[in-house]
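These are my notebook entries on a structure that I had not looked at before. I began with a pair of helices and then worked outwards from there.

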Amino acid sequence: MKILVCISNVPDTTSKINFTEGDTKFDTNGVQFVINPNDEFGLTRAMWFKEKQGATVHVATVGGAQTEPTIRKALAIGADEAIRVNAEPKDGFFVAKQLAEVVKNGGYDLVIAGRESIDYNGGMVPGMLATLLDMNFVNTCIGLEIEGTQATALREIDGGKEKLSTSLPLVIGGQKGLVEESDLRIPNMRGIMMARQKALNVLEPVDAPQLTKDEKFDKPAPKGAVKLVSPDNVGELVDLLHNEAKVI
Amino acid sequence: MSVLVYTESLKGKLKKNAFEVASYAYKVAQDLGTTVTAVTFNAQDDATLGTYGVSKVLKITNDKMDTFNAKAYADALSQAAKAEGAKVIILSSSSDTKFLAPILATKLDAGYVPNVVAAPDSTSPFVVKRTAFSNKGFAHTEISSDVKVIGVSNNAYGVVENNVSATVEAFNPSLTDGDFAVKSVEVDRVSGKVTIADADIVVSGGRGLKGPENWGMIEELAQVLGAATACSKPVSDLGWRPHGEHVGQTGKPVASNLYIAVGISGAIQHLAGVSASKVKVVINNDPEAPFFKAADYGIVGDAFEVVPKLIEKLKEFKAQNA
């Protein structure tokens, strides 16, 4: 089985979010970039398929040279080879078109991407990729087993979960649950050394239209001070929620 | 060239978010000088959509679509969009809809913008305001494609009544076996409980509750309020509560009217995930907990004393206002 894990290079979850150039761009100043958490759960599940079922695992990202430390980390975790499409990701459709080209040329049976990136939260790349390639697709995937070409997936739904059955080739929009937080791997020194020897192929992008564009950003209005209620007078909170906030 | 809206239903009954997306679609249709057409799947109460501005319902009745299927639903919606010549398609932000939206957008060569929190800034050019960076920011996004797909955030626009009379027409999309290549085997949905996605009120517990055995009072508080229960990331990582209850940046987003956090200190990732909630209450014994800076109301005190008192006061309040 040949697996491609799609990696998005995103600001660490603790990052302060600021905008620059007249609020038209995300300010990367002082920001630490990491593997998108939803993608890392998928990468870790792919490592399981590699170790238990002999799968080959490649990783791909769409981004400039500045994303290479993130993709090297994926190699250090255990991916066999990496691909970087050398283009700034313009929007979700643009990224899906680039990845579709990678998948078509690489003959992958299973593509694992995160359900969404934690920066732009589009949540559209896996579904668009599957549709462009006419592959099966399962979103918000929290469990995946493969037997031959048959796949059984668990999907998180509002208020529960759903078990699905399908076949390869398959695209997954993954999230926590594919593996647990405690299963995530920190690359060791051997992994980091080996990652330096592994292939990181840089491809030029294919033409794709940009359908959406973020014209301007802004931040939520600053919050007023919290109104404190004494623990001895809990009734006042009920009163405030009813008469002032009008939410009960 | 009406505005098309996908109105979701469960077991034959339209969901609350169906009325919200219909209200949003009506606003867009007004801006564009056109009307709203809704698409329903096996819904019995379609005619009620007229109350929220829907002029025409394309009613799909098909046993194979009793259980949600992303590809088949997307295929049906794309055929409806083409039949109506719709240039704008309005969707919700439920997990089912987020599953089908990118499939639908790709079929229609449409730009797709999810997490939209307000009526369009403008319709020419078409610009919408959406959340980004997990609610730490907003983007004003222009959609330049001919057909546009918009996902409206839960509880962001609200349900607005605009009475028009709705005509209901049967619609029969032609579906292929390929549309059903991903098959539902089993749906395990907690019944009799409010889901986080649909809840007006969410009650959430953190590590301050010390152990899963102490969740009884969170459940009870939620029950009194008709609320959904949720938890912080450490609580789900420790296995005290199921993953489906984890709210925050890598968990579920919350956009309720009222969010009550008990024993949650308020890590930046958690605050990001719940910041779309309109009113936030925090109960924590540590006055330095970061959540107090993000909350509207707070009680500095021991959750094990405060929560039972709050339950009691709420019961009295409910009895008086019943």
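**Entry 1, a helix crossing.** I looked up how α4(A) and α3(B) cross, and the crossing turned out to be right-handed. The contact is made on one side by A:Gly127, A:Met128, A:Thr131 and A:Leu132 of α4(A), and on the other by B:Pro102, B:Ile103, B:Ala105, B:Thr106 and B:Lys107 of α3(B). Sorting this contact by class, I noted five nonpolar, three polar and one charged residues. I should record here that the model is a predicted one, and I read each entry with that in mind. For the geometry, I wrote down that α4(A) and helix α3 (residues 95–107) of chain B pack at an angle of about 45°, and that their axes are 8 Å apart. Angles between 35 and 65 degrees fall outside the roughly parallel and roughly perpendicular ranges, and α4(A) and α3(B) are therefore oblique to each other.

**Entry 2, the two chains together.** How many residues of chain A are in contact with chain B? I found 63 residues of chain A in contact with 73 residues of chain B. The elements that give two or more residues to chain A's side include α4 (125–133), β9 (136–147), β10 (150–157), β15 (227–228) and α6 (234–244) of chain A. By class, that side of chain A has 29 nonpolar, 18 polar and 16 charged residues.

**Entry 3, strands that pair across the chains.** I followed β15(A) next and saw that two bridges join β15(A) to strand β18 (residues 297–300) of chain B, the two running parallel. Within this pairing, A:Leu228 stands opposite B:Gly298 in β18(B).

**Entry 4, a strand pair within chain B.** Is strand β7 (residues 111–116) of chain B mostly covered or mostly open? I noted that six of the six residues of β7(B) are buried, and I entered the strand as mostly covered. Four bridges join β7(B) to strand β11 (residues 148–152) of chain B, and these strands run parallel. For B:Val113, the bridge partner in β11(B) is B:Ile150.

**Entry 5, one residue in a helix.** I closed with B:Val28, which I located in helix α1 (residues 16–32) of chain B. Why does B:Val28 count as buried? B:Val28 has 22 C-beta neighbours inside 10 Å, and the cut-off is 20 or more, so B:Val28 counts as buried. Leaving aside neighbours within four places in sequence, I listed the contacts of B:Val28 as B:Val3, B:Val88, B:Ile90 and B:Pro120. B:Val28 and B:Pro120 are 92 residues apart along the chain, yet their C-alpha atoms are separated by 7.3 Å.

Terms used:
Residues are numbered from 1 along each chain as its sequence is written. Chains are lettered from A and ligands numbered from 1 in the order in which they are written. This is a predicted model: local features need pLDDT of at least 70, side-chain atom pairs count only at pLDDT 80 or more; totals for chains, interfaces and linings use all residues. A residue is buried if 20 or more other C-beta atoms lie within 10 Å of its own, exposed if 12 or fewer, and partly exposed in between; C-beta atoms are placed from the backbone. Two strands pair if DSSP finds at least two bridges between them. Two residues are in contact if their C-beta atoms, placed from the backbone, lie within 7 Å. Ala, Val, Leu, Ile, Met, Phe, Trp, Tyr, Cys and Pro count as nonpolar, Asp, Glu, Lys and Arg as charged, and the others, Gly among them, as polar. Axes are lines fitted to C-alpha atoms, for helices over the stretch in contact, and angles run from 0 to 180 degrees between N-to-C directions. Angles under 35 degrees count as roughly parallel, over 145 as roughly antiparallel, 65 to 115 as roughly perpendicular and the rest as oblique. A crossing is left-handed if the near helix is turned anticlockwise from the far one by less than a right angle, and right-handed if clockwise.
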